[in-house]
Amino acid sequence: MASNVFGGRKGFISIATASSVSVAKFGALKDWELNVTVNNIAVSHQDSSAWTERLTGTRDWTFRAAMVWLSTAATHKQSQLRSMMSSGKRNWFTFRNSTGTGTTGSQAFKGWGFLKNWKWNGNVDDVQLFDVEVEADGKITEATS
């Protein structure tokens, strides 16, 4: 029976030109990091007794992943990735940490973003890998399935 080259559950990243259209997978996750930050605003007033109080400020997110390069079949959109670097257009990204369902389900993080960095690497005796980094353009939402 065939098994995955890498242990763990297979997650993936997909892209689309709008949130309402079908997405196309372009990589299977090997290593990933989703970073969400909140830039709080420090405030102080006479009633705070010189202690800093904070208001919620702006939020931001980035996503970085090392991925296994999927085949160049029509169902996988590496060519779309390459064109994103030159076009500078924002895209709808879905990051799914697993393909599990039911009680072993996965989380999907979705949102608009810009491709910030893309690196393709590997050697002739192994799978090809690539690294990708996405910067937010608006909020990120989470869904389980």
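The fold, the environment of strand 1 and the aromatic contacts of a predicted model are described below.

The protein chain comprises one helix and six strands, arranged from the N terminus in the order β-β-β-α-β-β-β. Of its 145 residues, 31% are classed as buried. The accessible surface amounts to about 9300 Å², with 49% contributed by carbon and sulfur atoms. Among contacts with a separation of 6 or more, 59% are made by residues 24 or more positions apart.

Strand 1 (residues 12-16) is largely enclosed by the rest of the structure, because five of its five residues are buried. Phe12, Ser14 and Ala16 project to one side of this strand, while Ile13 and Ile15 project to the other. Strand 1 runs antiparallel to strand 4 (residues 91-96), to which it is joined by five bridges; within this pairing, Ile13 has Phe95 as its bridge partner in strand 4.

Five aromatic pairs were identified in the model. In one of them, the ring centres of Trp32 and Phe63 lie 6.2 Å apart with their planes at 15°, and the pair is therefore stacked. This pair links distant parts of the chain, with Trp32 in strand 2 (residues 24-43) and Phe63 in strand 3 (residues 53-69), 31 residues apart. Trp32 is partly exposed, at a relative accessible area of 36%, whereas Phe63 is buried, at 2%. The rings of Phe93 and Phe95 are also stacked, since their centres are 6.0 Å apart and their planes at 0°; both residues are buried. Trp32, Trp61, Phe63, Phe93 and Phe95 together form one aromatic cluster. In addition, Arg90 lies over the face of Trp112, at 4.0 Å from the ring centre.

Note on methods. Residues numbered from 1 in each chain as written. Predicted model: local features only at pLDDT ≥ 70, side-chain atom pairs only at ≥ 80, totals over all residues. Heavy atoms only, no water. Helix = DSSP H or I, 4+ residues; strand = E, 2+ residues; numbered from the N terminus. Buried < 20%, exposed > 50% of the residue type's maximum accessible area, 1.4 Å probe, protein only. Contact = heavy atoms within 4.5 Å. Areas by Shrake-Rupley, 256 points an atom, 1.4 Å probe, with all protein chains shown as cover. Pairing = 2+ DSSP bridges. Phe/Tyr/Trp six-rings, centres within 6.5 Å; stacked < 30°, edge-to-face > 60°. Lys NZ or Arg CZ within 6 Å of the ring centre and 35° of its normal.
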